[in-house]
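Hi,

Here is the structure I promised to pass on. Could you have a look at it alongside my notes below?

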Amino acid sequence: MGSMAVAEILEWRRLARQRTPIHLILFVTDHCNARCGTCFYWRSLNQGNALGPEQVERIARSFGELVWLDISGGEPFLRKDIASVCHCFARQNRVRFINIPTNAIQTEVIARLASEILAGDYSFKLNIAVSLDGVGERHDRIRGVPGNYRRALATLAELRRLRGGQPRLSLSVVTTLMRDNADDVRRLLDLARHEWDVDYHSINVLRGNPMDAGLQPPTAAQFAEIARLQLQHLRHYYRGRFGLLSGWMAVAGRALLNRYYLRELEGRPKDIACNAGRASCVIDANGDVYFCELLDKIGNLKDYEWDFARLWYDRPAPELRRRVEGGCHCTHECFHTKNLILTPWRLL
């Protein structure tokens, strides 16, 4: 198992030298049926933007191979054709891993669409990440939807049943950690492992400018405690997924990344040359393209006839790319996990 994981990482690093990114965050719709206080792009929601099937096809044709595809929104499972979106990138780009976060409100819809995504002769692995930021009513308040916690647990149960017959499906919980929910996160870590039987539990630090301006990132002490508990659980998750040697390597990598985040929260951040703008990128539901959601857009695909490669190397992309490579810092989990895999020495 260890040698296989190393071989895969070396292959991904080789692919990262191609002209287009190997990690794409694709916002397929801005439609959302929740009102999450943690959302940092809330001003862009429910404006009627969605990438059409032809636009998705043209985007896929302008990319090379993809290792990771994160399908986002809005709520991604409000796209009835989400399976077609996934299959498009599987055919065109040989995508290896597809991750879809969800607020898990529409249990039956999510289970049905997940089955459709997994149908067909494809080899990609699918992870569905159920968002849970608190226990019971606290989660409902954060998400702005009464009963969301109960529905999320029902969705987890349905997806577990589906996972039983689908070896390509994994199931995770994703939690946004902030100053007000640290006690709940401790409970969520235990529940996810011991009661919900998930494959992984991701902890994201609150970032950007959330809709609820009263929410704050965790203190350094809160994060250090949660990170310590998370590592204890990760030894179980990673060993089950990767085996002893690769599991140990993954835990060590997570510890390195958590140490980087802790520096940020302690007010002594370390600027690194991020892979956003080279290996990773973001395409919004209106066609805007970003190196990262926390940076200014570099252009809109409508102005380039949906040819991503043309936009990716046109102005102002090279100038912004030089700035990012000159060093920046944040706690954006989606990008830093790729930094950890592709260039871990930069995080030291």
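A residue is called buried here when its relative accessible area is under 20%. Please keep in mind that this is a predicted model.

Let me begin with the cysteines. Cys 292 has a relative accessibility of 6%, so it falls under that cut-off and counts as buried. Is it bonded to a partner or free? A search of the whole structure finds zero disulfides. Cys 292 is therefore in none: the nearest cysteine sulfur belongs to Cys 330 and is 5.6 Å away, whereas a disulfide needs the two sulfur atoms within 2.5 Å. Cys 334 has Cys 292 as the cysteine with the closest sulfur, but at 9.1 Å the pair is too far apart for a bond. Cys 334 is also partly exposed, with 25% relative accessibility.

Next, the strands around S7, which covers residues 280-283. Ser 280 and Val 282 point one way from this strand, Cys 281 and Ile 283 point the other way, and all of them are buried. S7 has strand S1 (residues 23-27) as a parallel partner, joined to it by four bridges, with Leu 24 opposite Cys 281. S7 also pairs with strand S8 (residues 288-290), this time in the antiparallel sense and over two bridges. In that pairing, Val 282 stands opposite Tyr 290. S7 and S8 make a hairpin with four residues between them, and Gly 287 in the turn has a positive phi of about 95 degrees.

The other spot I looked at is Asn 181, in the loop between strand S5 (169-177) and helix H7. Is Asn 181 buried or exposed? Its relative accessible area is 1%, so Asn 181 is buried. A polar atom of the Asn 181 side chain lies 2.9 Å from the backbone oxygen of Asp 133. Leaving aside residues up to four places away in sequence, Asn 181 touches Asp 133, Arg 138, Thr 175 and Thr 176.

After that loop comes H7 itself, with 13 residues (182-194). From first C-alpha to last, H7 reaches 19 Å, close to the 18 Å expected at 1.5 Å a residue. Its buried residues are Ala 182, Asp 184, Val 185, Leu 188, Leu 189, Leu 191 and Ala 192.

Happy to talk any of this over whenever suits you.

Best wishes

Conventions:
Residues numbered from 1 in each chain as written. Predicted model: local features only at pLDDT ≥ 70, side-chain atom pairs only at ≥ 80, totals over all residues. Heavy atoms only, no water. Expected span 1.5 Å × (residues − 1). Buried < 20%, exposed > 50% of the residue type's maximum accessible area, 1.4 Å probe, protein only. Polar contact = N/O pair within 3.5 Å; in protein donor to acceptor, adjacent residues only side chain to side chain. Contact = heavy atoms within 4.5 Å. Pairing = 2+ DSSP bridges.
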